[in-house]
Amino acid sequence: MARPRPETFDKKKIVAENRRARFEYFLEDVFEAGIALQGTEVKSLRFGEGNIAESYAEVKGQQVWLVNSNIPEFSHGNRHNHEPRRPRKLLLHEREIARMHGAVERKGMTLVPLSIYFNSRGKAKVELALAKGKKTHDKRETIKERDWKRDQQRIMKAHG
């Protein structure tokens, strides 16, 4: 019997976050994936450097790749330093990969990275979501909701 997954992932140190993703997409399913990194990439991430704002993930065969993520070169690295924008392999179970592949192929969904973080065991992880793109009117609706909630909080604070 499989061990039940926790509702939220154990994020100890968030390195990079894609805050725009929650505005641009409707998030359906969220997965936690390991990421295959070189030594200098891990050191760069531990210093808090990294950007996934313009990145996405794609399924190629039986593997998932993180594309266009930027982990800058390690400042104290030597000639064995890494390439900053290389595609990085994501480590997932076969069943999760098959589920992602089916959703991307049939439903036209997108794989969007939400954050890169280190868990409590010190392993680098990527929070990955199956998402459907929002239309312009959906984005306007999100802005209206956010503004209304802010106004509600302001009114509640003023009237005790």
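**View A. Asp151 counts as partly exposed, its relative accessibility being 31%, and its side chain takes part in a salt bridge with that of Arg154.** In this predicted model, the nitrogen-to-oxygen distance of the Arg154–Asp151 pair is 2.9 Å. Both residues belong to helix 4, and because they are 3 residues apart there, about one helical turn separates them. Arg154 has a relative accessibility of 51% and therefore counts as exposed, the cut-off for that class being over 50%. Side chains of opposite charge can pair when their charged atoms come close.

**View B. A salt bridge joins the side chains of Glu24 and Lys139.** The distance from nitrogen to oxygen in this pair is 2.9 Å. Glu24 lies in helix 1, which covers residues 21–24, while Lys139 lies in helix 4, so the pair ties together parts of the chain that are 115 residues apart in sequence. With 23% relative accessibility, Glu24 counts as partly exposed. The pair does not stand alone, since Arg20 is linked with Glu24 and Lys139 in a network of salt bridges.

**View C. The side chains of Glu41 and Arg86 meet in a salt bridge.** Here nitrogen and oxygen are 2.8 Å apart. The pair links distant parts of the chain, with Glu41 placed in helix 2 (residues 39–46) and Arg86 in the loop between strand 4 (63–67) and strand 5 (88–91), 45 residues apart. Are the two partners buried or exposed? Glu41 is buried, and Arg86 is buried as well.

**View D. Ser44, a residue of helix 2, has a relative accessibility of 0% and counts as buried.** When neighbours within four places in sequence are left aside, Ser44 is in contact with Glu49, Ile71, Pro72, Glu73, Phe74 and His82. The reader who displays the surroundings of Ser44 may therefore wish to include these side chains, given that Ser44 is buried, at 0% relative accessibility.

**View E. Arg46 is also found in helix 2, and its relative accessibility of 42% places it among the partly exposed residues.** Residues up to four places away in sequence not being counted, Arg46 touches Lys13, Phe118 and Gly122. Arg46 and Lys13 are 33 residues apart in sequence, whereas the distance between their C-alpha atoms is 8.9 Å.

**View F. Asn68, in the loop between strand 4 and strand 5, has a positive phi angle.** The phi value of Asn68 is near 70°, and the residue is one other than glycine. As to accessibility, Asn68 has a relative accessible area of 27% and is partly exposed.

**View G. Arg106, Lys107, Lys132 and Lys135 form a positive surface patch.** One of these residues, Lys135, lies in the loop between strand 7 (124–133) and helix 4 (136–159). What relative accessible area does Lys135 have? The value for Lys135 is 55%, and the residue is exposed.

**View H. The whole chain, shown as the setting for the close-up views, contains 4 helices and 7 strands.** Read from the N terminus on, these elements follow one another in the order β-α-β-α-β-β-β-α-β-β-α. Along the principal axes, the C-alpha atoms fill a box of roughly 60 × 40 × 35 Å. The chain has 160 residues, of which 33% count as buried, and it exposes about 11,000 Å², with carbon and sulfur atoms supplying 48% of that area. Among the contacts in the chain with a sequence separation of 6 or more, 69% come from residues 24 or more positions apart. The charges of the chain comprise 34 positive and 22 negative ones, and the mean positions of the two sets are 3 Å apart. The salt bridges of the chain number 9, and those shown in the views above include the pairs Arg154 with Asp151, Glu24 with Lys139 and Glu41 with Arg86.

Terms used. Residues are numbered from 1 along each chain as its sequence is written. This is a predicted model: local features need pLDDT of at least 70, side-chain atom pairs count only at pLDDT 80 or more; totals for chains, interfaces and linings use all residues. Side-chain values use heavy atoms; hydrogens and water are left out. Patches are made of residues with over 30% relative accessible area and no salt bridge: like charges are joined within 9 Å, nonpolar side chains (Val, Leu, Ile, Met, Phe, Trp, Tyr) within 5 Å. Accessible areas come from the Shrake-Rupley method with a 1.4 Å probe; for residues, only the protein chains shown count as cover. A salt bridge is a side-chain nitrogen of Lys or Arg within 4 Å of a carboxyl oxygen of Asp or Glu. Lys and Arg count as positive and Asp and Glu as negative; His and the chain ends are not counted. The place of a charge is taken as NZ of Lys, CZ of Arg, CG of Asp or CD of Glu. Helices (H or I, at least four residues) and strands (E, at least two) are DSSP runs, numbered from the N terminus. Buried means under 20% relative accessible area, exposed over 50%, partly exposed in between (1.4 Å probe, protein chains only). Contact means heavy atoms within 4.5 Å.
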